[in-house]
Amino acid sequence: MKQFFFISCKQATFLLSKKEEGKLTWMQWWRLSLHLVLCKVCKLFEIQTNFITHHVAHQQVDASMADTKKQEIAEQLKQL
Amino acid sequence: MNEKTLQADYWVSKYADMLYAYTVVRVTDTNVAEDIVQETFLSAWKGRETYNGDASEKNWLFTICKNKIIDYFRKKGNSLVSYGEFDTNSGVFDDQDHWTNESAPKNWKTNDMQPVERKEFYSVLEMCKQKLQQLQQQVFVMKYMEDIDSDEICKVLNITPSNYWVLIHRAKIQLRKCMEFNWMKLA
């Protein structure tokens, strides 16, 4: 009976990614939801990974291309 | 100077850094990023006569660039082997598949990030992303930076869905753990 209702933390964290794409069966959804209510640690995992994935989408770096490469490209374009 | 010369210089000075910064956080390798930007300019330049101007010039260049990035992942993905059953998460879960004490997520103080913290966050994130196994990294970038759904990613990288879900699961576990260890240390 216990096996029927409860999933492990490993399974729960695995199912979280499927949940994002709406790819859970009704039963998986139910077991995951129950797990997240009972397990504060997995709930934290969900919040923190969402925080990371939300921010990574907007990641910006101050990177610039080497000037020599830029010149090379500009020259190439002019030859075309 | 003719118009063509002017336009070439203008394009490169206006868009090269923008496209490069976008590409390098996705592909990591600086040489690869430079090559992708170069190819982007060449394709765009050849097609500039046929470009109908529906999208802005910038968006049009970015669309080409994104396609080049995906092409790169496609080629690269097919040459990478997934570690299969090799469990890179050993030590994360115990034999009951519950969190081990040292791996269990701890509370983060992340209410709202100040600009300075944001900068730190992104540099730690970049470092942690680079630590991921290559295929995990690609899957993660495609899903969360390029917003491509899992079915499409499987097709591009020629991997099975079950392989995909394992990769994304591991990527998130590694990344979160790495962020907790390295970013919280700074906070």
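**Exercise 1. The two domains of chain B**

Determine how much area is buried between domain 1 of chain B and domain 2 of chain B, and which residues of domain 1 lose the most area to domain 2.

*Solution.* In this predicted model, the area buried between domain 1 of chain B and domain 2 of chain B is about 1200 Å², and carbon and sulfur atoms give 55% of that area. On the side of domain 1, the residues that lose the most area to domain 2 are B:Arg26, B:Thr28 and B:Phe73, which together account for 42% of what that side buries. To place these residues, turn to the division of the chain, in which domain 1 covers 3-77 and domain 2 covers 82-187. Counting contacts next, we find 10 residues of domain 1 of chain B touching 14 residues of domain 2 of chain B, while the C-alpha centres of the two domains lie 28 Å apart.

**Exercise 2. Two helices that cross**

Work out whether helix α1 of chain B is parallel or oblique to helix α3 of chain B, and describe the contact between them.

*Solution.* Begin with the axes: helix α1 (residues 3-27) of chain B and helix α3 (residues 57-79) of chain B have axes that come within 10 Å and cross at roughly 40°. Angles under 35 degrees count as roughly parallel and those from 65 to 115 as roughly perpendicular, so α1(B) is oblique to α3(B). The crossing in which α1(B) passes α3(B) is right-handed. Among the residues that make the contact are B:Tyr10, B:Trp11, B:Arg26 and B:Val27 of α1(B), together with B:Trp60, B:Phe62, B:Tyr72 and B:Phe73 of α3(B). Sorted by class, the contact of α1(B) with α3(B) has 14 nonpolar, 2 polar and 4 charged residues.

**Exercise 3. Chain B as a whole, and its partner**

State how many helices and strands chain B has, and then describe how chain B meets chain A.

*Solution.* The secondary structure of chain B comes to 7 helices and 0 strands, which is why its elements, followed from the N terminus on, read α-α-α-α-α-α-α. Taken along the principal axes, the C-alpha atoms of chain B fill a box of roughly 70 × 40 × 30 Å. Turning to the partner, 59 residues of chain B are in contact with 40 residues of chain A. The area buried between chain B and chain A is about 4600 Å², with 67% of it given by carbon and sulfur atoms. In chain B, the residues that lose the most area to chain A are B:Tyr122, B:Trp165 and B:Lys172, together 14% of what that side buries.

Note on methods
Residues numbered from 1 in each chain as written. Chains lettered and ligands numbered in written order. Predicted model: local features only at pLDDT ≥ 70, side-chain atom pairs only at ≥ 80, totals over all residues. Heavy atoms only, no water. Axes fitted to C-alpha atoms, helices over the stretch in contact; angles between N-to-C directions. Helix = DSSP H or I, 4+ residues; strand = E, 2+ residues; numbered from the N terminus. Parallel < 35°, antiparallel > 145°, perpendicular 65-115°, else oblique. Left-handed = near helix turned anticlockwise from the far one by under 90°. Contact = heavy atoms within 4.5 Å. Nonpolar A, V, L, I, M, F, W, Y, C, P; charged D, E, K, R; others polar. Domains from an automatic or database assignment. Buried area = accessible area lost by both parts, 1.4 Å probe.
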